[in-house]
Amino acid sequence: MPHVEDKSSILPVTNKALEFVALFALALIAHAVVLQFIFPGYYDPLWPLHSDFYLPTNISNSGLGVLNYLSKPRPSGMAFFFLIGRFGVHGSIAAIIFVTLMNVAMTATIAKNLLNISFNFQFLATYIIYIFLLFSHPYFYSFYAHDAFSQLSYFFLLIGVLFYSFFFKKSFKISVLLLFIFSLLAFLAKETFGLAAIAVSLVWLLYHQKKSVKEAIAPTASVFLALCIVFIYSFTIKSAFITNSNDAYRVEFNPLSIMSNWFEYVSLGYNVASLVGLLLIGALVWYKFQVKNKSSVFFYAACLLGFIAALLPNSLLASHVHPGYSWTGAYLSFAIIFLVASPHIIHGWKRPQIGLFIGLLLMVGFISHVVNIKKYSSSANQWVLIQEDIQRNLLNSLKMLVEDLDEKESEHILITGISFPYEPFHYGNSLNNYLSNYDVKIDVLSYSQESTATQRGKYISKIPVSNELDLSKYSRIWLFGNDGRFIYLFKNEKINDLFPLKKYILFPEVGDVLGVNFLSFTSDDSLTSFADGYKLLNAGNTYLIYQQTDLAINAYKQSARLIPDNPYPWYMIGIELEKQNKLEEAKTYLNKAVELDPGNLNENFRSALMRVTSHK
């Protein structure tokens with residue numbers, strides 16, 4: 001079949017830069033629209049979802065130079081964090097979003113160039129479907145900015161491909177060298193797309209082998225050599241991501257485990273509608289192949305194999321299965337959509353035929369969104385939104401509290417109530433932008449099993465929770481709730497009056513549950529009523545949030561004394577004793593819980609008792 005190129009364009013003059021800007025702008029608009037109207041239902045993407053979001057600013061403010069990070073695992077990723085950390089927490093997230101949108105526009109540009117598509121309405125229609133499918137992916141929002149190194153790795157690979165194609169006819173050696181350099185940078189950011197890059201380059205090799213063996217094999221050789229160098233480097237520095245020294249990143253080569261995880265990611269990230277759409281395009285490509293059109297077949301194969309390979313590295317991590325990894329292959333899988341705008345595919349079609357097929361794909365995209373609605377409300381996605389809300393509350397509260405400080409005064413501040421899993425204090429230098437104008441030292445109460453104080457940054461230390469803590473040495477105490485919101489501020493002269501409330505200062509949510517009045521500095525410790533029994537039951541649950549098992553058991557015992565006919569205090573005591581391997585004691589309490597639930601209203605009581613009884 002002769003070379004076919006669609007020369008129609010909606011731009012009066014072909015301008016590659018202008019075309020790219022238009023693609024980026026459309027991606028930016030689609031990103032806002034999908035987040036606002038589909039998931040999560042609002043457009044406010046610059047808030048952390050995890051402690052890892054504080055890494056860039058922590059690295060940038062560490063006082064070390066960028067060269068210090070080049071001997072660390074994933075050095076180009078660390079250097080990227082060092083640079084974007086200069087823009088603060090929100091700015092660094094914005095930088096990751098920028099890279100993601102660049103990836104979208106560059107993927108479309110490469111597809112357009114490979115398939116000889118003009119910048120026309122068919123191309124824009126397929127591009128809109130493409131970005132809609134990407135951004136409405138059920139786990140896009142919860143993971144794309146979190147997996148920043150993957151975005152950076154894919155970004156470098158795309159830059160390498162664009163440079164390779166630009167210099168290919170001008171200087172073959174320079175094109176190969178640039179592809180190698182950017183592949184190396186990509187894999188030094190993260191290895192995730194290594195297999196995908198090799199898979200795509202092998203398809204290139206097969207397609208070009210009859211033209212020139214040297215030109216055909218060069219991309220595969222460049223990518224493979226870059227990946228080998230990175231693996232050697234990672235083994236040399238004993239990277240936890242390669243050497244299995246970290247259980248969370250332990251690689252499992254069991255074929256059944258790999259296949260199980262791979263299909264799990266496909267089922268999480270895709271649905272019947274999206275897969276049917278890709279298969280429809282595959283059927284159309286196969287039909288065209290029958291009339292001697294091979295380029296479309298190879299493009300389809302490259303996208304499909306690249307997608308399959310992109311999911312494989314994370315499928316090797318048996319102990320680190322995360323729904324967000326299902327989005328990893330989305331750039332490549334959904335790029336198949338661009339074939340519908342290819343002149344090789346639509347050659348000879350009338351406008352109504354083209355419009356009908358694109359309309360069919362739009363319908364598939366809409367159905368895919370409808371099917372994904374249940375996944376948007378999955379526990380994994382809702383957990384992420386809760387963490388984002390906590391970080392939003394926490395950072396807003398910290399900003400307000402810091403602005404209340406006097407730049408001329410030296411302050412020693414205690415922060416309590418940080419019981420949630422993700423927070424900026426773990427990477428204490430991430431808050432330097434907030435605190436740099438103040439003479440301040442901040443101790444953050446840690447509820448984990450840390451036994452000694454640890455310096456977390458220039459201004460931040462973490463200290464273990466203890467009844468021996470001397471509150472009088474602090475000029476201010478900031479109390480936070482489990483939702484990240486600021487509860488109360490004590491400062492200066494009032495701190496000396498806090499001794500009666502000390503245990504509630506250390507565990508603010510417990511004070512809230514028990515009705516402590518922080519404003520009047522009063523606490524009613526005479527908990528004797530039936531209603532107090534339920535308060536103490538909730539207090540026990542709250543102590544567990546603070547990882548204070550002994551205090552929780554004590555609260556449950558007080559609750560059981562006040563509401564002895566309620567099985568839940570007895571059950572909770574039994575469960576906590578079981579965790580401590582005190583099985584005989586646990587059996588006593590669980591027996592009591594079962595006895596108080598003759599109607600078997602809660603099957604957990606009996607199953608827990610059976611588990612403890614059968615334990616040898």
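Here are a few friendly notes on this predicted model, taken region by region.

1. Let me start with helix 5, which runs over residues 121–135 and so counts 15 residues. From its first C-alpha to its last it reaches 21 Å, close to the 21 Å expected at 1.5 Å a residue.

2. How many of the 15 residues of helix 5 are buried? Eleven of them are, so the helix is largely enclosed by the rest of the structure. The aromatic names in the buried set are Phe 123, Tyr 127, Tyr 130 and Phe 135. Also buried in helix 5 are Leu 124, Ile 129, Ile 131, Leu 133 and Leu 134, and the set is completed by Gln 122 and Thr 126.

3. Do look at the start of this helix as well. Asn 120 caps the N-terminal end of helix 5, with a side-chain oxygen 3.3 Å from the backbone nitrogen of Gln 122. Gln 122 is itself among the buried residues of the helix.

4. Next, a loop residue. Where is Ser 430 placed? Ser 430 sits in the loop between strand 1 (410–416) and helix 18 (432–435). Its relative accessible area is 1%, and because buried means under 20%, Ser 430 counts as buried. A polar atom of the Ser 430 side chain lies 3.3 Å from the backbone oxygen of Pro 424.

5. Now to the annotated repeats. The unreviewed UniProt entry carries the annotation "repeat: TPR" for residues 533–566 and 567–600. In the model, the span 533–566 is 79% helix and 0% strand, and its end C-alpha atoms lie 9 Å apart. For residues 567–600 the figures are 76% helix and 0% strand, with 11 Å between the end C-alpha atoms.

6. How do the helices in this region pack? Helix 21 (residues 530–545) and helix 22 (residues 549–562) have axes that come within 8 Å and cross at roughly 165 degrees. That makes helix 21 roughly antiparallel to helix 22, because angles over 145 degrees fall in that class. The crossing of helix 21 and helix 22 is left-handed.

7. Helix 22 also packs against helix 23 (residues 567–579), at an angle of about 155 degrees and with the axes 8 Å apart. Helix 22 and helix 23 are therefore roughly antiparallel to each other. Their crossing is left-handed.

Note on methods:
Residues numbered from 1 in each chain as written. Predicted model: local features only at pLDDT ≥ 70, side-chain atom pairs only at ≥ 80, totals over all residues. Heavy atoms only, no water. Helix = DSSP H or I, 4+ residues; strand = E, 2+ residues; numbered from the N terminus. Expected span 1.5 Å × (residues − 1). Buried < 20%, exposed > 50% of the residue type's maximum accessible area, 1.4 Å probe, protein only. Polar contact = N/O pair within 3.5 Å; in protein donor to acceptor, adjacent residues only side chain to side chain. UniProt positions renumbered as here; feature names shortened; annotations may be inferred. Axes fitted to C-alpha atoms, helices over the stretch in contact; angles between N-to-C directions. Parallel < 35°, antiparallel > 145°, perpendicular 65-115°, else oblique. Left-handed = near helix turned anticlockwise from the far one by under 90°.
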